[in-house]
Amino acid sequence: MASGSPSAPLPEWLVIAPDYDGALEKRLAVRPEHIAGLKKDDESFWLWGGAMLAEPIKDGETPKMTGSAMLIGAATKEEVLERLKRDVYVKGGVWDWDKVQVIPFKSALRKAL
């Protein structure tokens, strides 16, 4: 379980994880495993996240996903990197690990979906 208390919230990390060019089929193939893996983590870790798109979603078409963006609550950048390295999107060759950015962040506003 992640450390922290209501008086000392966990630091936040904005993560930008571009996909390798041409990785859409791989992404779609391992997506169920990716989602299942997210659900195993402490609920304080994944604050929000989703796919980056080449263009808005069109009815009846597969979204043209180009990567992921997420906000993570974790004590250190290293904790974020270690968890990301275990993700099927890294192991399966979806996220271009050399281009992943982990940026310290402070939310000013967050809304539920």
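**Strand pairing, core and salt bridges**

Glycine 49 stands opposite methionine 70 of strand β3. The model is predicted. Strands β2 and β3 run antiparallel and are joined by seven bridges. Seven bridges also join β3 to strand β1, residues 12-18, and this pair is antiparallel too. Within that pairing, proline 18 has glycine 67 of β3 as its bridge partner. Strand β3 is largely enclosed by the rest of the structure, because eight of its nine residues are buried.

The largest nonpolar core has 18 residues. Those with the most contacts inside this core are Val15, Met70, Ile72, Val80, Leu84, Trp95 and Val102. The elements β1, β3, α2 and α3 each give two or more residues to the core. Met70, the residue opposite glycine 49, is thus met again among the core residues with the most contacts. Valine 15 can be followed further. Neighbours within four places in sequence are left aside here. Beyond them, valine 15 is in contact with Ser68, Ala69, Met70 and Ile72, and also with Val80, Leu84, Val100, Gln101 and Val102.

Helix α1 has a kink of about 55° at valine 30. The kink lies shortly before proline 32. The buried residues of α1 are Arg27, Val30, His34 and Gly37. Valine 30, the site of the kink, is therefore one of the buried residues of the helix, being under the 20% cut-off for relative accessible area. In an α-helix there are 3.6 residues a turn, so residues three or four places apart point the same way. The buried residues of α1 pack against β2, β3, α2 and α3. Strand β3 spans residues 65-73 and α3 spans residues 88-91.

By the rule applied, the salt bridges number nine. Side chains of opposite charge can pair when their charged atoms come close. One salt bridge joins the side chains of arginine 27 and aspartate 19, with an N to O distance of 2.8 Å. Both partners are buried: arginine 27 has 2% relative accessibility, and aspartate 19 has a relative accessible area of 9%. Arginine 27 is also one of the buried residues of α1.

A second salt bridge pairs arginine 83 with aspartate 41. Their closest N and O atoms are 2.7 Å apart. This pair links distant parts of the chain, with the two positions 42 residues apart. Arginine 83 sits in helix α2, residues 77-85. Aspartate 41 sits in the loop between α1 (24-38) and β2 (46-53). The two ends differ in exposure. Arginine 83 counts as buried because its relative accessibility is 8%. Aspartate 41 counts as partly exposed, at 21% relative accessibility.

Aspartate 96 and lysine 99 also meet through their side chains in a salt bridge, at 3.7 Å from N to O. Aspartate 96 is buried, with a relative accessible area of 9%. A network of salt bridges links Glu55, Lys58, Glu61 and Lys64.

An unreviewed UniProt entry places the feature "domain: YCII-related" at residues 13-106. In the model, the end C-alpha atoms of this span lie 8 Å apart. The span is 30% helix and 30% strand.

Definitions and conventions
Residues are numbered from 1 along each chain as its sequence is written. This is a predicted model: local features need pLDDT of at least 70, side-chain atom pairs count only at pLDDT 80 or more; totals for chains, interfaces and linings use all residues. Side-chain values use heavy atoms; hydrogens and water are left out. A salt bridge is a side-chain nitrogen of Lys or Arg within 4 Å of a carboxyl oxygen of Asp or Glu. Buried means under 20% relative accessible area, exposed over 50%, partly exposed in between (1.4 Å probe, protein chains only). Helices (H or I, at least four residues) and strands (E, at least two) are DSSP runs, numbered from the N terminus. UniProt positions are given in the numbering used here, feature names are shortened, and annotations may be inferred rather than shown by experiment. The bend at a residue is the angle between axes fitted to the seven residues ending there and the seven starting there. Contact means heavy atoms within 4.5 Å. Two strands pair if DSSP finds at least two bridges between them. A nonpolar core is a set of buried Ala, Val, Leu, Ile, Met, Phe, Trp, Tyr and Cys residues joined through side-chain atoms within 4.5 Å.
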